[in-house]
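Please take a moment to look over the structure shown here, beginning inside one chain and then turning to the place where two chains meet.

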Number of protein chains: 2
Amino acid sequence: MAYAYWKSGKMSETAVFDLFFRKNPFGGEFTIYAGLSEVLKFLSNFRYSECDIEYLRSVLPPTEPAFFDYLKTVSTKDIKLYAVEEGSVIFPKVPVMRVEGPLPIVQLLETTLLNLTNYASLVATNAARFRLAAGNQKALLEFGLRRAQGPDGGLSASRYCYLGGFDGTSNVLAGKLFDIPVKGTHAHAFVTSFTNLEEVKHATLASKTGAQSVNLAEKTVEWLEKISSILNIIPGETNKGELAAFIAYAASFPSSFLCLVDTYDVQRSGMPNFLAVSLVLHSLGYRPMGVRLDSGDLAYLSNSVRRAFMTISMELEIDYLADLTIIASNDINEDTIHSLNQQGHAIDGFGIGTHLVTCQKQPALGCVFKLVEVGGLPRIKLSEDVEKVTMPGAKNVYRLYSQDGHALVDLLQRLDEPAPKAGEKVLVRHPFHESKRAYVSPTRIEPLYKLYWANEKLQENLPHLIDIRNHAKQELAKIREDHKRALNPTPYKVSVSDRLYNFIHDLWLANAPIGELS
Amino acid sequence: MAYAYWKSGKMSETAVFDLFFRKNPFGGEFTIYAGLSEVLKFLSNFRYSECDIEYLRSVLPPTEPAFFDYLKTVSTKDIKLYAVEEGSVIFPKVPVMRVEGPLPIVQLLETTLLNLTNYASLVATNAARFRLAAGNQKALLEFGLRRAQGPDGGLSASRYCYLGGFDGTSNVLAGKLFDIPVKGTHAHAFVTSFTNLEEVKHATLASKTGAQSVNLAEKTVEWLEKISSILNIIPGETNKGELAAFIAYAASFPSSFLCLVDTYDVQRSGMPNFLAVSLVLHSLGYRPMGVRLDSGDLAYLSNSVRRAFMTISMELEIDYLADLTIIASNDINEDTIHSLNQQGHAIDGFGIGTHLVTCQKQPALGCVFKLVEVGGLPRIKLSEDVEKVTMPGAKNVYRLYSQDGHALVDLLQRLDEPAPKAGEKVLVRHPFHESKRAYVSPTRIEPLYKLYWANEKLQENLPHLIDIRNHAKQELAKIREDHKRALNPTPYKVSVSDRLYNFIHDLWLANAPIGELS
């Protein structure tokens, strides 16, 4: 396509493209915008190497050699990029980016801009929805690396899940590169690698103050006897390989002791084994952390484990034991969390992998990149599908707020229209349905675009990931609850000015062929 | 986990892990194994840098300093990796990899091995299913980069879709790196960037022999008049910006002229505009290629376009025009292709993006990595979910073939059992259901594992991508049709030897706690 532009003498025509999507993901009515920092990094480095050009020469159909000289000169020096701030809440049809520059060059950027925006925004939105489902009090940990699209897909997932509201990741490289808290527990393999208490018979642990040191296995077996009668289980029936594994883990991490308790049987083995070791740790001045459940009925098992924690806490008069952490994993999705909430459960945190990073409920956000203007003249793309018709011309976008601080409506205008003013009545129209119109008197107006790239350099300082994460959180708070609820949320309104409405429809009619019914 | 292993003195214990999945993806009964080359590349380079170790030191709970000295020495020199050949057809429960080596080191490899196997195998399988749906005569082009999980996710998608049977990709970097044919057409933006014929009034094209040169716009307008009466459309109603774009495209690519014809209206604009330019190209000795449809009812539109091609071909007596290529895109998934086949269509090839690379129907393959042996002793993981119970001990796998060359059953055995022999009756058992047993007399036996990594180096030459692709094709041919069909396919049998069956169940009973009903 670039070659055909070049050969048609369109190298220097200035084009304007909009990047937007047509539908919020996951049946929801909001999207979190992410990926801008990577887009700007890409613009800073965009060029074709000699080796790229050699490759292109080898695969293109017969092409004039001068085109490759042109490709060598291609850069982003004449590109301007306006965008919504990363981490903002965004809505369908509102362009999150407006890119201006020489037609073939903007076109060459298309796929990469889409690639860097689509998944980033999708998975950040998914993470935000998990957060809304779980509430702010629960820990949400991203465990998705093994199911992502390769190592880099996994890094993107960790980064943008954190942006969307997760608390940490098990992806250590993501922790290192993006300064995300890393969290994890042990796996079943750690448990099954031990077979009996012989393996840990020499394991000792010093008390927290260093005053004494005990043999862990001996003390643990004593405690297992004691709690078994309280919990009405048979101490001989707990798996002793598992018990050995927990003892080894306690010796390594006495202050962050969290065990996976479902390798053999949660209630008859994992939970009492965990409690026995925990009580030794307690006697040595440490506070055990809790357990992870990775299979079975998570509502039932978490309640059962919580009851055991409370019973032991009461019997032994150790208050905090009642509140030990229960983490759940195992193929959890947004619906699972809603269902658990409805049933009642005792889970404090979720480790979520597959459904989070693959966005199983809807694995792609349909961002597109559409030409809306060339050489100052507007362009429209019609389509066999009406919802695929584009809004022509460069546009500005404003978010209008109500008196209580909530976002009311987004308003797209022609570039040369004056911005709406706070306190002044403005007519907002549905972009396609003629009769859908309303007057709004906003209390506050927020222009959504900033100029991020021009004159070969960044025009704004890029915030840190944690700041983008905070921005996303604040942005979500400004969206009304009914737009955010999981079931049948109310659509947020995206509107156009009266002038833009007429402009779109005049151009539409001018370009649609009139046929003959036959 | 590695720290706890280290601290428990398990650094040198030899462990055996199996990598396998429990269920074929997409409701199917087969999976294509992919990702092995990348796994081997990873093993060749695995180590912790000083900077990695510094980071780990900063985030781990209190840890003995000597552990970090140990981490510096970690390498794959004592690792052995057995695997099924890349591109093979594989089935649930059969480990595609057996990894042996020091327990903590194999454990440290886990997530990366899973990451490199899961998505690769999933998307290769998806591609193979699209190929089965479309048949071998259709062109299948991967257009998914914009919807993949970042640039690297896009590269993986292109690579493994080609492996699974696609013909090419629009991802130019994937073409360059992996030697995949690159294919693409132009976008709607190319069409909308032109507004009228003035823009191409000087465009000329020399005939293929160079004997003459014509003004393209003038000749095209003449042809548009001629074919309009044949096709019963109004020549003045075709969009002249679109016509200008097609003319510019023809001037650039006279020998590979393929146009996107749905920007304004396929039947009243795109198709006649395309044909007018095509007839000019024909008169100059070139052969136009065809059209792409990207919206609307693809069955109806493709038939309508084909009829127009046939009409013009007959009227003008130019045979090949009847057979011009029709490519379809627009959110196509496997079910769309089956539905199109059922309705009848005239599409020659599909450009497939979103649903292919995101594997929308099931966006993750659930590969897991389970410990089956430590220090020569078998390990079993029980679970609240019976289907999550693992098969203990290092195993060998054989595929047993029938006389007609089809795969009959996969057989897992203990490592020290003699391989089954062709022509000899063998008892195969369901791994978990006691009564499901059968005798098989295979005509041919194929051991599925090769040793790929040992003694710090590759043990096999790695095939090129095209060879893996061919292997996958041959492998699929050996699988019975009923295992491959889209609707209610027959499950392929995966079995264990009698000795392995008893071994599993003895260990299961020995590890499962007996409770008390109350």
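In this predicted model, helix 4 of chain B, which covers residues 66-73, has as its buried residues B:Phe67, B:Phe68, B:Tyr70 and B:Leu71. When one looks down the axis of this helix, these buried residues fall within an arc of 150 degrees, so they line one face of helix 4 of chain B. The spacing along the sequence helps in reading this picture, because an α-helix has 3.6 residues a turn and residues three or four places apart therefore point the same way. As for what this face meets, the buried residues of helix 4 pack against three helices of chain B, namely helix 1 (2-7), helix 3 (50-59) and helix 5 (103-134).

From the inside of chain B we can move to its interface with chain A, where 96 residues of chain A are in contact with 97 residues of chain B. Between them the two chains bury about 8000 Å², and 57% of this area lies on carbon and sulfur atoms.

The interface also has charged and polar links, for the rule finds six salt bridges across it, and a salt bridge joins the side chains of A:Glu199 and B:Lys10, with a distance of 2.6 Å from N to O. Residue pairs in polar contact between chain A and chain B, counted where both residues are at pLDDT 80 or more, number 31. On the side of chain A that touches chain B, helix 5 of chain A (residues 103-134) gives the most, with nine residues, and by class this side is made up of 45 nonpolar, 29 polar and 22 charged residues.

How values were computed. Residues numbered from 1 in each chain as written. Chains lettered and ligands numbered in written order. Predicted model: local features only at pLDDT ≥ 70, side-chain atom pairs only at ≥ 80, totals over all residues. Heavy atoms only, no water. Contact = heavy atoms within 4.5 Å. Buried area = accessible area lost by both parts, 1.4 Å probe. Salt bridge = Lys/Arg side-chain N within 4 Å of Asp/Glu carboxyl O. Polar contact = N/O pair within 3.5 Å; in protein donor to acceptor, adjacent residues only side chain to side chain. Helix = DSSP H or I, 4+ residues; strand = E, 2+ residues; numbered from the N terminus. Nonpolar A, V, L, I, M, F, W, Y, C, P; charged D, E, K, R; others polar. Buried < 20%, exposed > 50% of the residue type's maximum accessible area, 1.4 Å probe, protein only. Arc of directions from axis to C-beta.
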